[in-house]
Amino acid sequence: MNHGAVGLIADAGGCEVSKARWCVPLLAVALAVATTATACSRSSGTSKSPPPTAPSSTAADAGDFGSLKAVCGPGGAKGATDVGVTDTTIRVGTMADPGATAQPGLDQELFDTADAFVKWCNAAGGILGRKLQLDKWDSKLTEVAARMIQACPVDLSLVGNGEAFDSAGVDQRVKCKLPEIAGYVVSREASRAPLSIEAIPASDHQSGLYGAFRLLKAADPSVVAHAGQLSSQLQSVKDAGDRDRAGLKALGYTEVYYDEAPVLVDNWRPYAQNLQTKGVQAFTIVNAPDNLAALFRSMDDIGYFPKFTVLPANMYDTKLTKGAGTALKGNVLIVTNAVPFELASTHPATKQFLDILAKYVPGAQPKALGINAWSSWLLWATAAKACGSELTRTCLLDHAKSVTQWNGGGLHAPTHPGNASGSFSPCFLLMRATPTGFVYDKTMTKPTDDIFNCDPKNLFDLPGFGK
């Protein structure tokens, strides 16, 4: 599972990125387990976007995105070449859990991003003239398999999707040969499943926090002897925590505290007291931003804070800064490989993403996970365009897999699209969480390429993982 996946399972509001696996909602999973019977529904779980009402053409509608030229536009592609493809349309789906009874609105940003991309692309002319027809499959946490069965005979592929319980749909998707360019994946079954890649992939044999802790070790060696981690009793989240724990050990950190929190915690004060008693100064946690905010409030109550807290990208969420408020003390650093929204004014692709989202889905909240999804849609469109009048499921995935350098037109650091068998991007930056919001920490990041630190030493293959 990716850190993005951790953010999703950890937080229904969406994370920030990634997952790479940087930026899945934990409370949502817990509630779903407790309410499986009521979370099921007899509805089909699908909705279609209305026909696009193309607004007046602007530069943003020309089909260029960031450094990517003519992603969408007119053309003469023809032929009913595969499932979902006609002379004039391409039917494509996405999937998420916003209808979950346990956590309403879960990953709504995946649907919002899909709506924005399809409307923007169609306004530019579609994919070589073929307009996109979008199916939004609501898997509601517990209905992933049912939605896969429905998507199989009608959609060319899934794009920008993410399901907290994605393992339930792998068999159905693979049997019907439905490819996906996912926004994120969670389970071990899904992370290396056939016919599946991510534009911002994770790795099941590396730690997404390794590079950040490497920089911290160099910046303040005094904390190396005082490391602590609060992981999770939920196995899919614990998997990511185990990789981070192994990464700390490989860097030479001495673990003075380790625990695994249950899915639901009524009182965070005992954990704060344990951290204080053990003298933790380099701390990390896999959980939800609102839960971490509660932990910081408990730390504030007892007058203790780790010197450094290093966090995955799902913590890039206002639920942390607003929830913790003035209790957010110490050096709280969040690892991400996406251009943060705070730097949009100097990064045109990020500003364009925000502008498109605001224009085509008014009121939608930009979320880091939306960047994962948008990058997946861009990769999908690039591959579909390359196939032209030979557009098939096989051609689509083959072209997407052939891309070896990808940054979403400038939305994020360079990646190699693929699955968990590959590597994280070596590039990341550190955002500092403060009571008033997030700030890019250039001093701690020590950028080597624009705003990112891309030192190859940021990657390390953990012995015994990914087998």
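This is a short tour of a predicted model, stop by stop, with something to select at each one.

**Stop 1: the sheet**

Begin with the open sheet of seven strands, whose order is β8-β7-β9-β10-β11-β12-β13 and whose pairing is mixed. Its edge strands are β8 (255-261) and β13, each of which pairs on one side only. If you look along the sheet, the twist from one strand to the next averages 25°.

Now select residues 227-232 and 282-285, which are strands β7 and β9; they pair in the parallel sense over four bridges. Show Leu230 as sticks and you will find Ile285 of β9 standing opposite.

Move on to β10 and β11, which also run parallel and are joined by four bridges. Here Val310 has Leu333 in β11 as its bridge partner. Is β11 largely enclosed or open to the outside? Five of its six residues are buried, so the rest of the structure largely encloses this strand.

For an antiparallel pair, go to β12 (residues 429-434) and β13 (residues 437-440), which are linked by four bridges. The two strands form a hairpin with two residues between them. Thr434 is a handy residue to label, as it stands opposite Gly437 in β13.

**Stop 2: helices across the sheet**

Keep the strands on display and add residues 235-250. This is helix α9, which lies across β7, β8 and β9 and runs at about 165° to β7. Next add residues 289-302, helix α11, lying across β7, β9, β10 (308-311) and β11 (331-336). Helix α11 runs at about 145° to β9.

**Stop 3: two crossing helices**

Select α4 (residues 108-124) together with α13 (residues 348-360). Their axes come within 9 Å and cross at roughly 90°, which means that α4 is roughly perpendicular to α13. Which residues make the contact? From α4 they are Asp112, Ala116, Lys119, Trp120 and Ala123, and from α13 they are Gln352, Ile356, Leu357 and Tyr360. Colour them by class and you will see six nonpolar, one polar and two charged residues.

**Stop 4: the cores**

Trp120 from the previous stop leads into the largest nonpolar core, which has 89 residues. Trp120 is among the members that touch the most others, along with Phe65, Phe117, Leu295, Leu320, Trp374 and Trp380. Select residues 368-387 as well: this is helix α14, and its eleven residues are the largest share of this core. Another core, of 20 residues, lies apart from it; Tyr210, Ala212, Val224 and Val310 are among its members. As background, nonpolar side chains tend to be buried together in soluble globular proteins.

**Stop 5: three single residues**

Zoom in on Asp107, in the loop between β2 (89-96) and α4. Its phi is near 60°, a positive value in a residue other than glycine. Asp107 counts as buried because its relative accessibility is 0%.

Leu195 also has a phi near 60°, and is found in the loop between α7 (188-191) and β6 (196-198). With a relative accessible area of 26%, Leu195 is partly exposed.

Finish at Lys319 in helix α12 (residues 318-324). Lys319 is partly exposed, its relative accessible area being 32%. Draw a distance from its C-alpha atom to that of Ala293: the two are 7.5 Å apart, although 26 residues separate them along the chain.

Definitions and conventions:
Residues numbered from 1 in each chain as written. Predicted model: local features only at pLDDT ≥ 70, side-chain atom pairs only at ≥ 80, totals over all residues. Heavy atoms only, no water. Core = buried A, V, L, I, M, F, W, Y, C linked by side-chain atoms within 4.5 Å. Buried < 20%, exposed > 50% of the residue type's maximum accessible area, 1.4 Å probe, protein only. Axes fitted to C-alpha atoms, helices over the stretch in contact; angles between N-to-C directions. Parallel < 35°, antiparallel > 145°, perpendicular 65-115°, else oblique. Contact = heavy atoms within 4.5 Å. Nonpolar A, V, L, I, M, F, W, Y, C, P; charged D, E, K, R; others polar. Pairing = 2+ DSSP bridges.
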